[in-house]
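Notebook open, coffee poured. I want to look at how the chains meet and what sits in the core.

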Amino acid sequence: MERNLTLIALFAALIAALGLVPKFTLMSGVPISAQSLGIMLCGTVLGAKRGGLAVLLFLGLVALGLPLLAGGRGGIGVFSGVTMGYLIGFPVAAFVTGALAQMWRDRGGFVFPAVAALIGGVVVLNVLGIVGMAIKLDKTLAEAALLATPFIPGDILKCVLAGLITQGLLKARPGLAQA
Amino acid sequence: MISLTSDIRTPYHAWPAGPKLLGLSGFTLAIFYMDGVALSAAVVAAVCAAYLPGGLRFTRQGARLMRPVFWFVAVIMIWHLAVGRTTEGAVVVLRLIAAIAAANLVTLTTRLEDMLDVIQRGLARLGVSQRTRRKLALSVALVIRFTPVLTQKGGLLVQAWRARTVKRPGWRLVLPFALLAVDDAEHTAEALKARGGLH
């Protein structure tokens, strides 16, 4: 029990710490923010329940006023912003990613966690984010989706990274996947 | 770990956190139904004026917190101008500014401890057991403690990378960084267990 609690807390801290890493740009010019990679890793490494809880804990602290979001943002104000749908979608994305990653855990490799991150961290997250933007901006879903498209290629690359990092982590610490 | 609470004392600091948060929820809900540029502009002006009792330095602090919002607001406005729906764009933008500025005012004037107290009391009222509430309090403390620790360890990793190559540190550092977090979690769990564990 202690281990689960500290893993949840430490992964929440990991998401926060990754938010402080400056964005790195791939050769293609696509910027990668490490914080959303942290959300994917919560799911692929910790699984559905622990991963979702780690992200919820992280968001709870952001709401309480800690400047943990990328760029030092925080406070309840961020939940009133345009990206509200994405923030609400973070724990859902981690949960879905985790559920799929757990289901495919025995198959090993980096492809399955990457696909789990793609479905949870890109498809589910963007659906919720786009719905949030449509509500906040009084726009149609198609119009809101246009605003999200520039980030999709970067998101897909992040899934591959999440897959590779998860594979490495589970190889180095095989007991990690057990709750 | 520094919270966003302002160290400049304002009259709002003395207000209890619970009613402040309730008021904010009501306000955010109400402005969602707000229509018309004049009304929206008046609400934004009122929220801005609400910063003034804290003094000029406090108001400036509030404005700094709004900085990341402005580029987004600019994109939304340019888009609306391009499609010729200026009035609609202005209302959306003003509504956003009012909601975020009001929420930031609560964040700036409410201490982390008071926010946590409100949550603890709320959870108790919802019938959440004391054991669960204690676990939540411990996890919050762990995140607050470990975020700067992990950031510092990440910094050391970057230095170690730079000492070995002229290439810029990139995603390759995320794996050892995550490993550090996992190992810290294991050590902390052992330490908690050694001190009697969670009951």
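Before anything else, my contact rule: I call two residues in contact if their C-beta atoms, placed from the backbone, lie within 7 Å. I also keep in mind that this is a predicted model.

Entry one, Phe58(A). I skipped residues up to four places away in sequence and asked what Phe58(A) touches. I got Ala12(A), Ile15(A), Ala16(A) and Leu68(A).

Entry two, helix H1 of chain A. I looked up H1(A), residues 2-19, and found 18 residues reaching 26 Å from first C-alpha to last, close to the 26 Å expected at 1.5 Å a residue. Buried or exposed, mostly? I checked H1(A) and it is mostly covered, with 16 of its 18 residues buried.

Entry three, the core. I pulled up the largest nonpolar core and it has 104 residues. Phe11(A), Ala12(A), Ala13(A) and Phe58(A) have the most contacts inside it. I then asked which element gives this core its largest share, and it is H4(B), with 15 residues. I also see at least three residues of this core coming from each of domain 1 (11-119) and domain 2 (129-194) of chain B.

Entry four, the contact between the chains. I noted 46 residues from chain A and 51 from chain B. On the chain B side, I find at least two residues from each of H1 (17-32), H3 (56-82), H4 (86-109), H5 (112-125), H6 (130-164) and H7 (174-194). Which helix gives the most there? I get H7(B), with 13 residues. Sorting that side of chain B by class, I have 33 nonpolar, 13 polar and five charged residues.

Terms used:
Residues numbered from 1 in each chain as written. Chains lettered and ligands numbered in written order. Predicted model: local features only at pLDDT ≥ 70, side-chain atom pairs only at ≥ 80, totals over all residues. Nonpolar A, V, L, I, M, F, W, Y, C, P; charged D, E, K, R; others polar. Expected span 1.5 Å × (residues − 1). Buried ≥ 20, exposed ≤ 12 C-beta atoms within 10 Å, placed from the backbone. Core = buried A, V, L, I, M, F, W, Y, C linked by C-beta atoms within 7 Å. Domains from an automatic or database assignment.
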